[in-house]
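Please open the structure in your viewer and display the chain as a cartoon. The tour below proceeds by selections, from the whole chain to single side chains.

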Amino acid sequence: MAEFANLFEKSKLLIDNARGTIGVLVNPVTVYTSFLLGKYMVEEEQQGSNRAKYGAKFIWYIVTAMRQLSNCRLDN
């Protein structure tokens, strides 16, 4: 029984370490992939201009929404 417990603990430690290492390695790859996807979408939408056509309207909508939120009371 002690042999099994020792084998189990060594195996568990190996698997836990592998999972931790995978998480550390995968996260930067995921972030970089998401960054590039966003970059490609922006480049496609803007078609070489500094800002997409909807950019000015989008900023106006955000400012308007933020102003409305700041006028709302959180407690009823």
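The following stops indicate what to select and what is found there.

Begin with the entire chain, bearing in mind that this is a predicted model. The protein chain has 2 helices and 0 strands. Of its 76 residues, 4% count as buried. Its accessible surface comes to about 7500 Å², and 65% of that area belongs to carbon and sulfur atoms.

Next, select residues 2–46, which form helix H1. How far apart are its end C-alpha atoms? They are 66 Å apart, and this agrees with the expected span of 66 Å because 45 residues are counted at 1.5 Å a residue, with the span taken over one less than the number of residues. Then select Gln47, which follows H1 and has a positive phi, near 50°.

Move on to residues 55–71, helix H2, and select Ile62 within it. Is Ile62 buried, partly exposed or exposed? Its relative accessibility is 41%, so Ile62 counts as partly exposed. Add Phe58, Ile59, Val63, Met66 and Leu69 to the selection: together with Ile62, they make a nonpolar surface patch of about 580 Å². In general, residues three or four places apart in an α-helix point the same way, because there are 3.6 residues a turn.

Finally, turn to the aromatic rings. The whole structure contains 2 aromatic pairs. One of them is formed by Trp60 and Tyr61, an edge-to-face pair with 5.1 Å centre to centre and 70° between the planes. Trp60 counts as exposed because its relative accessibility is 54%, and Tyr61 is exposed with a relative accessible area of 52%.

Conventions: Residues numbered from 1 in each chain as written. Predicted model: local features only at pLDDT ≥ 70, side-chain atom pairs only at ≥ 80, totals over all residues. Heavy atoms only, no water. Patch = residues over 30% accessible without salt bridge, like charges linked within 9 Å, V, L, I, M, F, W, Y side chains within 5 Å. Areas by Shrake-Rupley, 256 points an atom, 1.4 Å probe, with all protein chains shown as cover. Salt bridge = Lys/Arg side-chain N within 4 Å of Asp/Glu carboxyl O. Helix = DSSP H or I, 4+ residues; strand = E, 2+ residues; numbered from the N terminus. Buried < 20%, exposed > 50% of the residue type's maximum accessible area, 1.4 Å probe, protein only. Phe/Tyr/Trp six-rings, centres within 6.5 Å; stacked < 30°, edge-to-face > 60°.
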